[in-house]
Amino acid sequence: MIVATPDHWHKDISVDAMNSGKAVYCEKPMVHSVSEGAAVVEAQNRNKVVFQVGSQGLSSLGNEKAKELLAQGAIGQLNYAEGFWARNSPEGAWQYAIPADASEKTVDWKRFLNQYKHIPFDSKRFFRWRNYRDYGTGVSGDLFVHLFSSLHFITNSKGPQKIMAMGGLRYWKDGREVPDILMGMFDYAETKEHPAFNLSLRVNFVDGTADSTYLRLVGSEGSMNVEWDRVTLYRNKSYAATDDPLAATKLNRDNVSGYERKKIVPPNSTVYTAEKGYKGAHFDHFYNFFKAIREKNLSVEDALFGYRAAAPALLCNDSYFSNKAVVWDPENLKVVSTK
Ligand SMILES: NC(=O)c1ccc[n+]([C@@H]2O[C@H](COP(=O)([O-])OP(=O)(O)OC[C@H]3O[C@@H](n4cnc5c(N)ncnc54)[C@H](O)[C@@H]3O)[C@@H](O)[C@H]2O)c1
């Protein structure tokens, strides 16, 4: 069963399908609100079926290479990560075309609304559902969630413990209820899987430099830009003394001969690129889903993983709308406080 409906239907359809013994591929974000996550995890555990969330990036060669490089210490100790999505078009900002024959004759409007407020038919709400909070999850649920999935896969993280967001509706004032610019800040505590680090995520739908998207991990000795088919590793470790007078004095004191022998150093940047003909993340993610079904294995992105990737994205919305920081317990999947 593939659940590719608007976000507010993901939980109900996924749980019903799993209760019927079906394997489920559920699009991201796995749930529409943090309170829905436990039901999906419970249904997967109880029914022992394959369940996979659709953040395809984490099945990509690029994410796998980044995970390997981080574990090898290629950027030293991770201390910061950042991600960005920039768009600058009506389609990019979710102003999708509305079919001329859209009406209650062609759309099962009442079914679409589910438990949310029953209002007269509104084609914008049906075809541009991402803009409305009853059905969509804003830019963080739509886009940040991809970056969380990849980041958590690469770092083996369960998620941040503090979440703060800021943003605004700057341009696409078409009746939407969600911001078109959003910045999220996240604090990841030290765990046995990774050191403490900070994450900064941004989405800008009014960006003149449109179509730049990236995920970057920064460590004490370098950084890497992670794409689905490529990882660019930058090594910033300083190998030689600088011409700073203090450093020169120290060098002379430590080295009586005053001879600073040069070293052979690795390249400043290395690009790892997928072989020609690579089918890409979408293909790999579906391949992993069908493989898990055939081999009766856990999927690469099961309900617990999907919940942990969706939660900080959804809590970003909570922080933005309440103007408060949210403290989250990613181990026990609980909101600790909102102050
Ligand atoms: N992984 C990705 O890169 C990616 C890309 C695009 C969309 N998505 C996700 O896929 C989902 C769908 O997005 P979209 O852009 O395709 O939306 P869409 O509006 O184009 O399609 C949604 C479909 O769901 C149907 N639908 C609505 N309510 C339903 C119900 N109760 N039962 C059955 N069908 C129902 C609608 O008729 C429509 O055909 C979203 O959760 C979105 O976040 C993921």
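User: How many residues has helix H6, and what does H6 reach from its first C-alpha to its last?

Analyst: The model is a predicted one. Helix H6 covers residues 138-155, which are 18 residues, and it reaches 25 Å from first to last C-alpha. That is close to the 26 Å expected at 1.5 Å a residue.

User: Where in H6 is the kink centred?

Analyst: The kink is centred on Phe-144 and amounts to about 40°.

User: How should one read the surroundings of a helix, and why is H6 described as largely enclosed?

Analyst: The general idea begins with periodicity. An α-helix has 3.6 residues a turn, so residues three or four places apart point the same way. In the present case, 17 of the 18 residues of H6 are buried, so the rest of the structure largely encloses this helix.

User: Which residue follows H6, and what is its phi?

Analyst: Asn-156 follows H6, and its phi is positive, near 60°.

User: Which residues surround the ligand?

Analyst: The shell consists of Ala-4, Thr-5, Pro-6, Asp-7, Trp-9, Glu-27, Lys-28, Gly-54, Gln-56, Arg-111, Phe-112 and Asp-142. By class, these residues divide into five charged, four nonpolar and three polar.

User: How should one read the side chains of a strand, and which residues of E12 point to each face?

Analyst: In a regular strand the side chains alternate between the two faces of the sheet. Strand E12, residues 326-329, shows this alternation: Val-326 and Trp-328 point to one face and are buried, whereas Val-327 and Asp-329 point to the other and are not buried.

User: Which strands pair with E12, and in what sense?

Analyst: Strand E5 (residues 162-168) pairs with E12 in the antiparallel sense over two bridges, and Ile-163 stands opposite Val-326. Strand E13 (residues 334-338) also runs antiparallel to E12, joined by four bridges. Within that pairing, Lys-334 of E13 lies opposite Asp-329.

User: How many residues lie between E12 and E13 in their hairpin, and which turn residue has a positive phi?

Analyst: Four residues lie between the two strands, and Leu-333 in the turn has a positive phi of about 55°.

User: Turning to E4, is its pairing with E8 parallel or antiparallel, and how does E4 run relative to E7?

Analyst: Strand E4 (residues 78-86) runs antiparallel to E8 (residues 213-219), with seven bridges joining them. Gly-83 has Leu-215 in E8 as its bridge partner. Strand E7 (residues 197-204) runs parallel to E4, and seven bridges join this pair. Here Tyr-80 stands opposite Asn-198 of E7.

How values were computed. Residues are numbered from 1 along each chain as its sequence is written. This is a predicted model: local features need pLDDT of at least 70, side-chain atom pairs count only at pLDDT 80 or more; totals for chains, interfaces and linings use all residues. The expected span of a helix is 1.5 Å times one less than its number of residues. The bend at a residue is the angle between axes fitted to the seven residues ending there and the seven starting there. A residue is buried if 20 or more other C-beta atoms lie within 10 Å of its own, exposed if 12 or fewer, and partly exposed in between; C-beta atoms are placed from the backbone. A residue is near a molecule or strand if its C-beta atom, placed from the backbone, lies within 6 Å of it. Ala, Val, Leu, Ile, Met, Phe, Trp, Tyr, Cys and Pro count as nonpolar, Asp, Glu, Lys and Arg as charged, and the others, Gly among them, as polar. Two strands pair if DSSP finds at least two bridges between them.
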